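Here's a quick tour of the pockets, the ligand and a couple of backbone oddities. Have the viewer open and follow along.

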Amino acid sequence: MADPRPFLLAIEGADGAGKATTAAAVVAALTAQGRRTEVMSFPRYRETVGGHVLGDFLAGRLPHALAPREVAVLYALDRFESRGAIAAAMARVDVLVFDRYIASNIAYQTAKVADADAPALADWIVALETGQFALPAPTLSVYLDTDLDRARTMIAQKAARSYTTRTYDEHEADAALQAKVRARYAMLCDGDVLGRWTRVRTAPDGTMRAPDDIAAEIIAAMGNPPPA
Ligand SMILES: Cc1cn([C@H]2C[C@H](O)[C@@H](COP(=O)(O)OP(=O)(O)O)O2)c(=O)[nH]c1=O
């Protein structure tokens, strides 16, 4: 009997890596193949209390700085509040694409602590999200690997956002954080944290690949998901 659980595909990467464009291209390609596919994007700034507070956090509107664990709880809360929406989507589709998921929390929050403290924080986030909050682990996570300069240009070209009028939010404005986030993603990918990973280079020879080309590589990496 076919596995009734849909394929959960998480698109991950630093800010400006091209995740939303890639997710849309993957959805278009899989839909053209007849596979019911939807995308769900985190944070859900307008749908959850956690997401709303995260908008204030990323816009620099909170009254004081938060510790990495406190920030991690807010991102996890956004997903906890979204469990009903995730379950409803999983019941409708063959493939559910996440534009950021649990690994984003691990990569960004561990990037704010010393290397020696990163593994314990990573384990704590995994336990919180997949244990206490019982969120489903992805079937495959994709690390969209885009270099810092190109990503910075792509952030500047982003459409207006609901939570801020700034060009760069609190995370995006911090170049050292963005560099560290890349290193953390590389480790998550190499360690297959939360499940299987694949690393996709978006501009291996200096020119950004077409979204359809990137989507095809990701779909090939998915292997043989059950037919629609
Ligand atoms: C989903 C998620 C995002 N983040 C960070 C990554 C980004 O810097 C930031 C916002 O996410 P992002 O997808 O970049 O949203 P937008 O395009 O609206 O700016 O939140 C985490 O730290 N943990 C998480 O769990």
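## The largest pocket

With six residues, α1 is the element that gives the most to the lining of the largest pocket. That's in a predicted model, so keep that in mind throughout. The pocket has a volume of about 850 Å³, and the elements that put two or more residues into its lining are α1 (19–32), β2 (37–41), α3, α5 and α9 (211–221).

How many residues line the largest pocket? The lining runs to 40 residues, and the ones nearest the centre are Lys19, Ala20, Asp99, Arg100 and Lys158. Sorted by class, that lining holds 20 nonpolar, ten polar and ten charged residues.

## The ligand in its place

So where does the ligand go? The space it takes is the largest pocket. Around the ligand there's a shell of 19 residues, with Tyr75, Arg79, Lys158, Tyr163 and His171 the closest. Lys158 turns up on two lists, then: it is among the closest to the ligand and among the lining residues nearest the pocket centre.

Which helix supplies the largest share of that shell? It's α5, with four residues. Both α3 (68–81) and α5 (102–110) supply at least two shell residues each. By class, the shell has eight nonpolar, four polar and seven charged residues.

## Polar contacts to the ligand

Three contacts to ligand oxygen atoms are worth pulling up. A polar side-chain atom of His171 sits 2.8 Å from an oxygen of the ligand, and Gln109 also brings a polar side-chain atom, this time 3.1 Å from a ligand oxygen. With Asn105, the partner is a polar backbone atom, 3.4 Å from an oxygen of the ligand.

As for how much of the ligand is wrapped up, its accessible area on its own is 540 Å², and the protein covers 92% of that.

## The second largest pocket

Next up is the second largest pocket, with a volume of about 150 Å³. The elements giving two or more residues to its lining are α5, α6 (118–132) and α8 (175–190). Of these, α6 gives the most, with four residues.

Its lining is made up of Ile106, Thr110, Ala118, Pro119, Ala122, Asp123, Arg184, Met187, Leu188 and Val193. By class that comes to seven nonpolar, one polar and two charged residues. Note that α5 appears here again: it gives residues to this lining as well as to the lining of the largest pocket and the shell around the ligand.

## Two backbone oddities

Which two residues does a cis peptide bond join? They are Phe42 and Pro43, with omega at about 0 degrees. Pro43 belongs to the loop between β2 and α2 (49–58), and β2 is one of the elements that help line the largest pocket.

The other oddity is Arg100, which has a positive phi of about 80 degrees although it isn't a glycine. Arg100 is in the loop between β3 (95–99) and α5, and it's also one of the lining residues nearest the centre of the largest pocket.

Key: Residues are numbered from 1 along each chain as its sequence is written. This is a predicted model: local features need pLDDT of at least 70, side-chain atom pairs count only at pLDDT 80 or more; totals for chains, interfaces and linings use all residues. Side-chain values use heavy atoms; hydrogens and water are left out. A residue is near a molecule or strand if one of its heavy atoms lies within 4 Å of it. A polar contact is a pair of N or O atoms within 3.5 Å; within protein, one must be able to donate a hydrogen and the other to accept it, and residues adjacent in sequence count only if both atoms are side-chain atoms. Accessible areas come from the Shrake-Rupley method with a 1.4 Å probe; for residues, only the protein chains shown count as cover. On a 1 Å grid over the protein atoms alone, a cavity is a set of points where a 1.4 Å probe fits but cannot get out, and a pocket is an open set with protein on both sides within 12 Å along at least five of seven lines; lining residues have an atom within 4 Å of a point. A molecule sits in a cavity or pocket if more than half of its atoms lie within 2 Å of its grid points. Ala, Val, Leu, Ile, Met, Phe, Trp, Tyr, Cys and Pro count as nonpolar, Asp, Glu, Lys and Arg as charged, and the others, Gly among them, as polar. Grid points are joined across faces, edges and corners, and a volume is the space filled by probe spheres set on the points.
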